[in-house]
Amino acid sequence: LAQARHRALLARFRGAMDDEPRIFCAEQIHVPTELPDILKDFTKAVIRENPAAGETDPVNVRMRLYLWSREYFKQKLQEGKRA
């Protein structure tokens with residue numbers, strides 16, 4: 001069941017990527033200045049929380065990390081809307 005969900009998520013992602021314009025050079029890529037801090041905070045939270053603790057199946061480890069990450073960023077979005 002977890003593998004089926006994983007495959008479905010990947011299929012949705014690939015479909016979304018087909019709608020994106022192609023990037024041919026570095027100048028076409030815009031990286032927001034706050035991205036490094038966002039990734040740093042996210043990485044620290046993953047290490048601190050260890051969302052896949054106790055899981056041994058690699059597919060389930062990834063899925064738990066994906067689900068935890070979704071909730072993490074949803075929470076950050078809500079916090080940003082309140083500020």
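The expected span of a helix is 1.5 Å times one less than its number of residues. That rule can be tried out on helix α3 of this predicted model, which runs through residues 58-82. With 25 residues, α3 should span 36 Å, and the C-alpha atoms at its two ends do turn out to be 36 Å apart, so expectation and model agree.

How far can the prediction itself be trusted? The mean pLDDT of the chain comes to 86, with 87% of the residues at 70 or more. That confidence isn't spread evenly over the elements: helix α2 (residues 35-49) has the highest mean, 96, while helix α1 (residues 2-18) has the lowest, 68.

Back in α3, several side chains are tucked away. Val-59, Met-63, Trp-68, Ser-69 and Tyr-72 are all buried in this helix. Take Trp-68 and Tyr-72 a bit further. Trp-68 has a relative accessible area of 19%, and it counts as buried because the cut-off is under 20%. Tyr-72, at 10%, is buried by the same cut-off.

These two residues also meet each other. Five aromatic pairs turn up when the whole structure is searched. Trp-68 and Tyr-72 make a stacked pair, with 5.4 Å from centre to centre and 20 degrees between the planes. Why might they be able to meet along one helix? Trp-68 and Tyr-72 are four residues apart in α3, and therefore about one helical turn separates them. An α-helix has 3.6 residues a turn, so residues three or four places apart point the same way. The pair isn't on its own, either: Trp-68 and Tyr-72 belong to one aromatic cluster together with Phe-42 and Phe-73.

Phe-42 also gives a handle on how parts of the chain come together. Lys-76, a residue of helix α3, sits 34 residues along the chain from Phe-42, yet the C-alpha atoms of the two are separated by 10.0 Å. Lys-76 itself is partly exposed, since its relative accessible area is 37% and that class runs between 20% and 50%.

Finally, there's the outside of the model. Ile-23, Ile-29, Val-31, Leu-35, Ile-38, Leu-39 and Phe-73 make up a nonpolar surface patch of about 590 Å². Helix α2 gives the most to this patch, supplying three residues. Another member, Ile-29, is found in the loop between α1 and α2. Phe-73 shows up twice in this account, as part of the patch and as part of the aromatic cluster.

Methods: Residues are numbered from 1 along each chain as its sequence is written. This is a predicted model: local features need pLDDT of at least 70, side-chain atom pairs count only at pLDDT 80 or more; totals for chains, interfaces and linings use all residues. Side-chain values use heavy atoms; hydrogens and water are left out. Buried means under 20% relative accessible area, exposed over 50%, partly exposed in between (1.4 Å probe, protein chains only). pLDDT is the predictor's confidence in each residue, from 0 to 100. Patches are made of residues with over 30% relative accessible area and no salt bridge: like charges are joined within 9 Å, nonpolar side chains (Val, Leu, Ile, Met, Phe, Trp, Tyr) within 5 Å. Accessible areas come from the Shrake-Rupley method with a 1.4 Å probe; for residues, only the protein chains shown count as cover. A salt bridge is a side-chain nitrogen of Lys or Arg within 4 Å of a carboxyl oxygen of Asp or Glu. Rings of Phe, Tyr and Trp (its six-membered ring) pair if their centres lie within 6.5 Å; planes under 30 degrees apart count as stacked, over 60 as edge-to-face and the rest as tilted.
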